[in-house]
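Subject: Handover of a structure

Dear colleague,

I am passing on the structure below for your consideration. Please look through it before reading my notes.

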Amino acid sequence: MELLVICLSLWILQCHSARADSIIHIGAIFEQNAIRDDEVFQLAISDLSLNDDILQSERITHSIKLIEPNNPFQAVQEACELMNQGILALVSSTGCAAANALQSLTDAMHIPHLFVQRQGDGTPRTECQLNPSPDGERYTLAARPPVRLNDVMLTLVTELRWHKFIVFYDSEYDIRGLRSFLDRASRLGLDVSLQQVDRNISKVFSTLFSTMRTEELNRYRDTLRRAILLLSPRAAQVFIHQAVETNLASKDSHWVYANEEVSDTEIMELVHSAIGRMTVIRQIFPLWRDTNIRCMRNNHRISSLLCDPQEGYLQSLEVSSLYLYDSVLMLANAFYRKLEDRKWHSMASLNCMRKSTKPWNGGWSMLDTIQKGRISGLTGLMDFRNDGANSHVQFEILGTSYSETFGKDVKRLATWDSSRGLNGSLKENRVDSGMLGVTLKVVTLLEEPFVMVAENILGQPKRYKGFSIDVLDALAKLLGFKYEIYQVADGKYGSPLPNGSWSGMIGELISKRADLAVSAITITPERENVVDFSKRYLDYSIGILMSKSKEKINIFSLLAPFDLAVWACIAAAIPVVGVMIFLLRRIQCAHSQNPPGPHQPASVTTSLQSAIWIVYGAFVQQGGESIMSSMALRIVMGSWWLFTLIVCSSYTANLAAYLTVSRMDNAVRTFQDLAKQTDLTYGTVRESAVYEYFRVKGTNPLEQDSTFAELWRTINKNQGQENSVSNPSEGIQKAKQDLYAFLWDMAVVEYAALTDDDCTLTVTGNSVSSKGYGLALQHGSPYRDLFSQKILELQEKGDLDILKQKWWPRKGRCDLDSHADPQPEGRALRLHSFAGVFCILAAGLLLACLVAALETWWSSQRCRRAQPKEDKEVNLEQVHQRLSSLLDEDLAHKQLPGQSLEISALDIGSMHPRQGSQEAVRDFTPGGLSVTTFLQEGPGTGGRVPGRSLPLPLSSSTLPPSIRCKHRAPNGGLFRQSPVKTPMPLAYQSVPGGPIPEAIDPSHGTSI
């Protein structure tokens, strides 16, 4: 698979190389045995071609020449051919002999030359001594840093306090490389012996036994107790094995193997073959744990073959190949800046064989641009600001301890870099069980609830409390140590500075002013490179702190399931359907064979208001009068009922969903939710680890999820001055007072929410993380393993969980888990959800009262228009006698219909009494005559008028208020507003007769 990818890349590259119109062309010279150098160089060109934003629309083309190892003449010949083709720069990976020849040529032709030194046989590298330039202008830049093994070895023997030791070096090793080491060792008074090791190592030891006497062998064995090996990995393994086999090595031997290029497998083989203590010095490069970060350098995407350790291709490369890749990146950076400044020069097309050939006039400008650049590549930082050489180099020192089983405790003891020197301790400090009598200097930083001031009494040391302090006290109780604690001066955890040093608590540990750092300090790969960490005692994740969402009170929330336009359409549909029913009913009545008579009451459904009332009643599912007398009306009502069913069902479903969603907690639960919403602003602490985390994730073009890109745009708005804050306390206050989400350590924001006075804060976020909080110690501290062991014991016994519950109680004044409890009262609908219904009911009742008052006022106004007239008193006994006489006279001509007689008061008034007024009165059976009145039934009547006579006149003042002004019936009597008459049988009794008053007002009457 690897071979297929490489071949595909080479094919693509050849296509690009064929472009004749390219203005960027570089040459490369490699040795024939350096196959991987050729592959890596072409991968670098291919990666640049895939990144359009690096060189805009331009592409880099190249030409590669292969030479024999250590053949300077061929190197110059191939370089001249490249210059004749036209190149902007030359890249080479050769030995020192070819490098010197190429340096002379490029200095003469003014062609920038990036040189990478190779050491193909595995022997430790010695620095090439390049020729000085005659005019002082050196065009050769050393991409691989100078050899600094001498500095590391001298620091190591000084730290280990060696006074006498021996150095074994390979026959291929250039002894001139040890000149500076021996000079400085001599000035320090160190006794250093040198011995060359031939390729036949077994012969070396046999010679020793054959030439040395027993006393000399014992002295030699004592010398071998402290030895430095400058051999290839294979030769060192054989040498140590022979020393063990010949009994020249013992358990108190200490071997130091120094080589820039040695793999993990070779180190393990060395450790397994050695007896005693083994220390290894090798060069290291920064390795990012995050693949996305590891594969991006200066917005440049690196091939996964080179940046992903899982591919296995990276481990097979030599150090020179890595520097070769970064050299191409450095050239691309220079080309980009030249294109951006529009200071481009045509490529150099030179003929080395002609004496009249002038140097390239753009060479010095191109060289100056390269020297001013800086990149971050596979080998870390690269620049040429220090005498034309890349000075950035870092070593690690690995080792085992005395009397340990082979290969079971290989760990990093310290690091060494060109700017800070040694970082760590190489002394053999073994702490087996406890730290009784040890006093540690502890540096801390205030961060609730990890470290807080408990007491601050003037003149006395501050006392501290918090979760981290409790963990430290528990460890002190188990291990028996004491500690002195102080706060860091700059108030920072620690970050690298431009000069290579560190600030904050990490800087205190590096400078050895403190033994231990305790606070909410997270374990990161960058910090682990310079300090040691114990096992983590608390998991770390990023939380979102914000104010609890206040429930919005909307008394008309029951109208929310439908949009305003939907309600308007429903309101318009009711009168439209009502009008349709009204018209259809009128059409039906017009075509009916038996229309209602003029004196018959019209049907209820024939009026427009009644039709609309029926439609409204059907809509609210309260029924109504049946009007389905025709097919058309049935179709209309059927359609309306179906419409009503669908609308009511949709309303019920949407109302349930709306009320459920409205009672949910905060809609922001994850980073994705936070990035999508626009109501909340959010940020974090500027120049913090969280700020850097979002910067790296948000600016990584390989990140497929756009969430972090959106989050970073908001966090970094106006360079972080608008949304981010300067410290955690400011962020917590801002989250409490404004619509703001504060992104910070989950443990810190949870404590802030739990201890909030008003319990108005809530915390969300992902609790799963690969990071954690740990105790930071000096690099190589002998107490690291003890602290880690005891922390694991505290976790096993549950003591750490008890401490967590102490500082982060889940149930307390502010309950962070209350939203998750299935409490019935939390699910009930509250009054304000139904306030709109009660408002509608109250509005209806109020409207009804207003309409009733208006009707009363209107009726009273109509009554005042009519003049009240005095009514006469009618004696019912006289009416009865007069009626009897009329019946006797006209019995033959008049027939009473049915068993009732209805006579108006006007008729009574026109009747004349008979002459024989003292005639006996004829009695009628009760069923033969019924007296009916149209007077309204009221509380004063009780349905039947007691007594024998109705007093007359019936004036307006004597009637109840409810019947003072009524319409008259067609027969002259009074009637109620209701079209239904109420018969009122009146009892009567004979009284002395008298004349019936004749002055009866026609405007008043009664019905009998």
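The notes that follow describe the sheet, its central pairings and a helix.

This is a predicted model, in which local features need pLDDT of at least 70 and side-chain atom pairs count only at pLDDT 80 or more, while totals for chains, interfaces and linings use all residues. Residues are numbered from 1 along each chain as its sequence is written, and side-chain values use heavy atoms, leaving out hydrogens and water.

Five strands form an open sheet in the order β2-β1-β3-β4-β5, with parallel pairing. Strands are DSSP runs of E with at least two residues, helices are runs of H or I with at least four, and both are numbered from the N terminus; two strands pair if DSSP finds at least two bridges between them. Because β2 (60-67) and β5 (140-142) each have a single partner strand, one side of each is left without a neighbour in the sheet.

Strand β1 (residues 24-31) pairs with β2 over eight bridges, and Phe30 has Leu66 in β2 as its bridge partner. Four bridges join β1 to β3, where Ile29 stands opposite Ser92.

Five of the five residues of β3 are buried, so this strand is largely enclosed by the rest of the structure (buried means under 20% relative accessible area, with a 1.4 Å probe and protein chains only). Leu90, Ser92 and Thr94 cover one side, and Val91 and Ser93 the other.

β3 runs parallel to β4 over five bridges, with Thr94 opposite Gln117. Between these strands the chain passes through α4, in a right-handed β-α-β crossover (clockwise from the first strand over the helix to the second, with the strands pointing away from the viewer).

Kind regards

Methods
Buried means under 20% relative accessible area, exposed over 50%, partly exposed in between (1.4 Å probe, protein chains only).
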